[in-house]
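These entries record what I looked up in the structure shown below. I took strand pairing as the starting point and helix packing afterwards.

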Amino acid sequence: MKRLFKSLFLVSACAILALGVVGCGEKKEEKKAEAPAAAPAPAGPKTIVFASDATYPPMQYMNEQKEIVGFEVDVIKAAAEKGGFKAEFKNVAWDGIFGGLENGKYDAISSSVSITDERKLKMDFSEPIMAIEQMLVVGTKEKATDLAGLKGKSIGAQIGTTSYFVVKDVKGFKAVKTYDEVGLAMEDLVKGSIQAVVADSPVAVEYTTKKYADKIKIAGVLKSDKVENIGIAVKKGNKEVLDLVNKGLAAIKADGTFDKIKEQHKMK
Amino acid sequence: MSETRIIDVGEGAAIPSKTDWGLFNAWTISIVFAISTIFYLIVFEPAPYKRIILYLSDGVIITFEVTIISIICACIIGLITGLGRVSKNKAINLLASTYVEIIRGIPLLVQLFYIYYALGRLLNVHDLTAAVIAMSVCYGAYMGEVFRAGITAIDKGQSEAARSLGFNTKQTMFLVILPQAWRTILPPVGNEFIALLKDTSLVSILAVSDLLRRGREFSSETFLYFETFTMVALVYLVITLLLSKGVSLMEARLSHYVRH
């Protein structure tokens, strides 16, 4: 019995030690987040690395030449010209894209990021690029035009997006499924595994008019009392990058380049 | 390593020797560490951790479900494949071998995508069903190899003796060979079980709401990456440790190896 207690004591002592390590780990994490705020001095035009989840047509996607292209990419490239910086794009999976920004893996996120109050606590945003809406996409035979009409059915959205946030707390669905990419959600809708997908308006329009035009349609817009804007996210306190991006965006909006790009991409 | 410490497990309960460390072994340390950390975090830091564990809870059940059903199906497929691999019938042998070669040559993640998204248009399967099918088919091939190795490891004299006693091939296999092979097979099969459990995290790619997906959903909304994935890792660790204990208990009962 004595031996049992002795070994129990040893084991719990170990556990407490391990807890100490976990605790320290957390503290270190906090410190790290504060430290590297100062960026290296720019030589010539500053290169800003934009992270982009290139699975989001028409905003940003990979073409067959393996380049990241799309509406938002063109906007940033034009803004770079006017704002005096070099834009570089990096394909990063959406889930975890914000973590990489915080860890300093890239300078900014250009991935149709909706500006929300929760995200503003963690990162800074540029001036809005444009407003979007959340749209409900359903199969062509579905009669429902809003969320209430889809009670008891399964609904999908991309993980960690505002599209998911608007449906996650709505009761009455059979399941709310989250997908890594919006394209996989659309594919599941076409297959019939789910009955509806919520997506950003440009993406919903793209999928319902091009890829799966004969199989899915837009059932309606999910009304919200707040305007949803997309913008460029930068690490909290990174004023240097934010100012450059804002300068470029303001310039292309002032001289009409932005509207031209919009027209080229047939955006509303 | 004195002779006196060798204990034949088959002969009765293990007697702890003086150098036995009792509870102070890798398994106990790991499980006490994992469970006490989880409790510590929930009790003293309930702000993120209790919320996280509540959010993860239904994911744990899904992970369990997929694991258990897949293990059962994979064992059945594995047994059939293993028997096919040692079969004297050329056609059956070829069929089983081809199955193993093809499945072993395709990554599980690709198989998951293939069954759910590529074949999905033809046979619209439920996400959980697709996950279980992919896991069972994949691990069935691995286990088939384990079963084959276990069966061929049995001395040829055993089947010759059984045959000369008048057993037919079926009786020889099921009454003589397999009961003996099972003891050799069990440890590697146990490893496969644990590998399968960990690989169920891949099914989250099919938007199955398993433990990992629940963790990702939570972290992508709250940005609490460190806290969420610490919890996810600990929960996986606890489940894996429990399963490995189960396997080693079963081994201790069935194994014919002498434990040192």
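Entry 1, strand pairing. The model is a predicted one. I began with strand β10 (residues 154-158) of chain A and found that 5 bridges join it to β11(A). The two strands run parallel. For S154(A) I looked up the bridge partner in β11(A), which is A175(A).

Entry 2, the sheet. I then traced the strand order in chain A and obtained β11-β10-β12-β9-β13, an open sheet of 5 strands with mixed pairing. Pairing on one side only marks β11 (175-179) and β13 (216-222) of chain A as the edge strands. For the turn between neighbouring strands of this sheet, I noted an average of 30°, direction ignored.

Entry 3, helices on the sheet. I checked helix α6 (residues 182-191) of chain A and found that it packs on the sheet, touching β9 (134-139), β10, β11, β12 (196-200) and β13 of chain A. The direction of α6 makes about 160° with that of β10(A). Helix α7 (residues 201-211) of chain A lies across β9, β12 and β13 of chain A, and I recorded about 125° between α7 and β12(A).

Entry 4, a helix pair in chain B. I turned to helix α2 (residues 46-86) and helix α5 (residues 127-153) of chain B, which pack with their axes 5 Å apart at an angle of about 40°. I therefore entered α2(B) as oblique to α5(B). The crossing of α2(B) and α5(B) is right-handed. Sorting the residues of this contact by class, I noted 19 nonpolar, 8 polar and 2 charged.

Note on methods. Residues are numbered from 1 along each chain as its sequence is written. Chains are lettered from A and ligands numbered from 1 in the order in which they are written. This is a predicted model: local features need pLDDT of at least 70, side-chain atom pairs count only at pLDDT 80 or more; totals for chains, interfaces and linings use all residues. Axes are lines fitted to C-alpha atoms, for helices over the stretch in contact, and angles run from 0 to 180 degrees between N-to-C directions. Angles under 35 degrees count as roughly parallel, over 145 as roughly antiparallel, 65 to 115 as roughly perpendicular and the rest as oblique. A crossing is left-handed if the near helix is turned anticlockwise from the far one by less than a right angle, and right-handed if clockwise. Ala, Val, Leu, Ile, Met, Phe, Trp, Tyr, Cys and Pro count as nonpolar, Asp, Glu, Lys and Arg as charged, and the others, Gly among them, as polar. Two strands pair if DSSP finds at least two bridges between them. Two residues are in contact if their C-beta atoms, placed from the backbone, lie within 7 Å.
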